[in-house]
Amino acid sequence: MSALSQLSLERHDDIAVISGGVTLSADFIGRLADLSSAVADDVRVVVLHPDKRVWSGFDGVTDAGDLFAGLAEIAQPTIAVLDGPTFGGGLELALTADIRVAATDCQIGLAALTDGFPRAGGVQRLTRAVGRSRATQLLLLEDQIDSATACEWGLVNLVADDALEAAWQVAGSIASRGPIATRYAKDAIRHGLEMPLAQALHYETELTILLQDTNDRAEGVDAFVNKRAPQFSGT
């Protein structure tokens, strides 16, 4: 594999970008796990923008399980840029991101059940993303949907002619916010969804209390009072 086609991790100020790769192969999955664990702690948001061919599905992958757990477990908010047909394993990968931005002409779907069964957590993450009824519809009734329908369902968050540019704007907006607060928000959503409501409310309260003692919280209050843009430090 050439250096240009290798999946890589680059940093642009407070934003990390995972890009490159050729197909959704076992090598790609392994390197994605390595790069996900290598994201610097002071990065504020991570953008996943592989070669568009990656989104078309698995290439010779026979393993099953939570193949994209590394990306899902990144503490910072993550954004997937869907700028090509997104099917099967490609959609399972996209579902591990917190936010999905799709190109206007993007078609999206899981592999037809006649072609195999989703094997990288796709059914569970799809159901959590769009609900039982929509997940059932996509799995059993629809071969694929367009990006506008996916946005209406909540499967993607934003549709744009230039998906990368739109994702970059979203990343910049997130990066401008308090990084501790955005991480806590992601944590509360992710873990709270799996808890009984009373436990989730208690967990959210604990995170709120932890945030009160941070420098960023004091900076946010001071910036609001003095009508200026906050300068968050992540402390």
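**Exercise 1.** Find which residues make a nonpolar surface patch of about 330 Å².

*Solution.* Val-221, Phe-224 and Val-225 make this patch. Patch members have over 30% relative accessible area and no salt bridge, and nonpolar side chains are joined within 5 Å. A salt bridge is a side-chain nitrogen of Lys or Arg within 4 Å of a carboxyl oxygen of Asp or Glu. Next, place Val-221: it is found in helix α10, residues 215–225. Last, classify Val-221: it counts as partly exposed because its relative accessibility is 40%. (Buried means under 20%, exposed over 50%, partly exposed in between, with a 1.4 Å probe and protein chains only.)

The model is predicted: local features need pLDDT of at least 70, side-chain atom pairs count only at pLDDT 80 or more, and totals for chains, interfaces and linings use all residues. Residues are numbered from 1 along each chain as its sequence is written, and side-chain values use heavy atoms, without hydrogens and water.

**Exercise 2.** Decide whether Arg-44 is buried or exposed, and find its backbone partner.

*Solution.* Start with the place: Arg-44 is in the loop between α1 (26–37) and β3 (45–50). Its relative accessibility is 12%, so Arg-44 counts as buried. Now the partner: a polar atom of the Arg-44 side chain lies 3.0 Å from the backbone oxygen of Ala-175.

**Exercise 3.** Classify Asp-41, then state how far its C-alpha atom lies from that of Ala-64.

*Solution.* Asp-41 is also in the loop between α1 and β3. At 61% relative accessibility, Asp-41 counts as exposed. Asp-41 and Ala-64 are 23 residues apart along the chain, and their C-alpha atoms are separated by 29 Å.

Technical notes:
Helices (H or I, at least four residues) and strands (E, at least two) are DSSP runs, numbered from the N terminus. A polar contact is a pair of N or O atoms within 3.5 Å; within protein, one must be able to donate a hydrogen and the other to accept it, and residues adjacent in sequence count only if both atoms are side-chain atoms. Patches are made of residues with over 30% relative accessible area and no salt bridge: like charges are joined within 9 Å, nonpolar side chains (Val, Leu, Ile, Met, Phe, Trp, Tyr) within 5 Å. Accessible areas come from the Shrake-Rupley method with a 1.4 Å probe; for residues, only the protein chains shown count as cover.
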